[in-house]
Amino acid sequence: MKVAFIGGGVMGEAMVKSLLAKGVVATADVTVSDIALQRRETLSDKYGIKVTDDNKAAVSGADVIVLAVKPQELSKVFGEIKGLLSGQLVLSIVAGASLDNLQQGLGYGRLVRAMPNMPAQIGEGVTVWTATDGVEDRQREMAKSILKAIGDEVYVDNEKYVDMATALSGSGPAYIFLVIEALVDAGVHIGLPRQLSERLVVRTVLGSARAVELTGKHPAELKNMVTSPGGTTAEGLLQLEKGGIRSLLSQAVIAAYEKAKSLGK
Ligand SMILES: NC(=O)c1ccc[n+]([C@@H]2O[C@H](COP(=O)([O-])OP(=O)(O)OC[C@H]3O[C@@H](n4cnc5c(N)ncnc54)[C@H](OP(=O)(O)O)[C@@H]3O)[C@@H](O)[C@H]2O)c1
């Protein structure tokens with residue numbers, strides 16, 4: 001499978017790195033097109049892949065073309081590669097770019113729209129993706145194997161779930177980073193050394209997520225297991241409930257979802 005990336009920034013590099021490390025694609029079969037000379041040099045030096053500043057050249061001969069530029073650069077890329085596509089798969093990770101946007105911009109219909117998230121940069125992301133009807137089964141398999149390289153992947157047959165995922169798993173790492181930061185500060189506030197506080201919080205977040213995943217128990221059941229009557233955890237939880245943590249999280253996700261939908265219009 002020959003893969004061409006249009007845009008070799010943070011996400012493009014993360015995908016290249018994982019694809020090569022996991023042997024999904026051979027070095028000789030990866031091309032990255034990027035307008036920034038420094039990015040081209042970095043990617044060529046680090047991974048030994050082909051690089052170019054010519055998006056048209058990158059597309060030629062590729063089985064899969066990954067669009068990994070910022071949303072505001074997309075229309076320029078459309079103008080460059082429109083008319084050069086026949087049979088290949090175009091896989092976009094551009095936030096907010098709907099299948100309709102892509103189809104109209106490229107005048108082309110074999111499309112996958114994927115929404116990865118930031119931990120993809122360390123191979124621990126989760127990507128929600130969907131495809132147009134024109135995408136063949138073998139191309140769906142290609143998309144799946146590319147996205148699997150950067151973490152977990154979930155196919156959905158309705159694009160609205162990709163917009164919803166943008167607000168939940170796409171923006172989610174920022175919510176969790178904020179919570180981690182706040183908890184570390186709280187630990188420091190009561191007197192823990194910052195490094196120790198950070199270590200405790202990070203392991204707590206990781207361990208709690210793994211406990212939900214591995215036990216299959218409802219989070220409320222796990223929460224009850226650590227909340228003894230009249231104990232310390234009950235006191236802490238009461239303050240979180242008083243502060244409206246549940247509705248606050250809902251409002252955050254709803255606001256991000258509304259924004260995601262408006263970006264796609
Ligand atoms: N980062 C994430 O965690 C994340 C998560 C989910 C989705 N995404 C999506 O992934 C896409 C890429 O994000 P990113 O964080 O990787 O952005 P980024 O680091 O800015 O990478 C984009 C790269 O594309 C280059 N570029 C700009 N215009 C180009 C053109 N016309 N042709 C070829 N290359 C061009 C940029 O060069 P210059 O810097 O010189 O402009 C830059 O090196 C975005 O659409 C974003 O919504 C990112």
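Tutor: Domain bounds come from an automatic or database domain assignment. For the protein chain, this assignment gives domain 1 (3–157) and domain 2 (172–263). The structure is a predicted model, in which local features need pLDDT of at least 70 and side-chain atom pairs count only at pLDDT 80 or more, whereas totals for chains, interfaces and linings use all residues. Residues are numbered from 1 along each chain as its sequence is written.

Student: How do you know how far apart the centres of domain 1 and domain 2 are?

Tutor: The centres are taken over C-alpha atoms, and 34 Å separate them.

Student: What makes residues of domain 1 and domain 2 count as being in contact, and how many do so?

Tutor: Two residues are in contact if their C-beta atoms, placed from the backbone, lie within 7 Å. Four residues of domain 1 are in contact with four residues of domain 2. On the domain 1 side, two of these residues are nonpolar, two are polar and none is charged. The classes are fixed by residue type: Ala, Val, Leu, Ile, Met, Phe, Trp, Tyr, Cys and Pro are nonpolar; Asp, Glu, Lys and Arg are charged; the others, Gly among them, are polar.

Student: What makes a residue part of the shell around the ligand?

Tutor: A residue is near a molecule if its C-beta atom, placed from the backbone, lies within 6 Å of it. The ligand is surrounded by 27 residues, the closest being Gly7, Gly9, Met11, Ala36 and Ala95. Two elements, helix H1 (10–21) and helix H4 (74–81), give two or more residues to this shell. H1 supplies the largest share, three residues. By class, the shell holds 14 nonpolar, eight polar and five charged residues.

Student: How do you know what counts as a helix or a strand, and how many of each are there?

Tutor: Helices (H or I, at least four residues) and strands (E, at least two) are DSSP runs, numbered from the N terminus. On that basis, the protein chain has 12 helices and eight strands. The eight strands form an open sheet of mixed pairing, in the order S3-S2-S1-S4-S5-S6-S7-S8.

Student: Why are strand S3 (50–52) and strand S8 (151–155) called edge strands?

Tutor: Each of them pairs on one side only.

Student: What makes strand S6 (residues 111–115) and strand S7 (residues 125–131) a pair?

Tutor: Two strands pair if DSSP finds at least two bridges between them. S6 and S7 are joined by four bridges, so the criterion is met. They run antiparallel, and Val112 has Ala131 of S7 as its bridge partner. Strand S1 (residues 3–6) and S4 are also joined by four bridges, in the parallel sense, with Val3 opposite Val64. S4 and S5 likewise pair in the parallel sense over four bridges, with Val66 opposite Leu91.

Student: Why does Asn158 count as exposed?

Tutor: A residue is exposed if 12 or fewer other C-beta atoms lie within 10 Å of its own, buried if 20 or more do, and partly exposed in between, with C-beta atoms placed from the backbone. Asn158 has 9 C-beta neighbours inside 10 Å and therefore counts as exposed. Asn158 is found in the loop between S8 and H7.

Student: How do you know how Arg194 should be classed, buried or exposed?

Tutor: Arg194 has 11 C-beta neighbours inside 10 Å, so it is classed as exposed. Arg194 is found in helix H9 (residues 194–215). Not counting residues up to four places away in sequence, Arg194 touches Val184 and Val188.

Student: Why is helix H7 (residues 160–170) called mostly covered?

Tutor: Eight of the 11 residues of H7 are buried, among them Val162, Met164 and Ala167. The buried residues pack against S6, S7, helix H8 (172–189) and helix H12 (245–263). For the chain, buried residues make up 32% of its 265 residues.

Student: How do you know the direction of H7 relative to S7?

Tutor: Axes are lines fitted to C-alpha atoms, for helices over the stretch in contact, and angles run from 0 to 180 degrees between N-to-C directions. The direction of H7 makes about 170° with that of S7. Helix H5 (residues 99–106) lies across strand S5 (89–92) and S6, running at about 140° to S6.

Student: What makes both faces of strand S4 (residues 64–67) covered?

Tutor: Val64 and Val66 on one side, and Ile65 and Leu67 on the other, are all buried.
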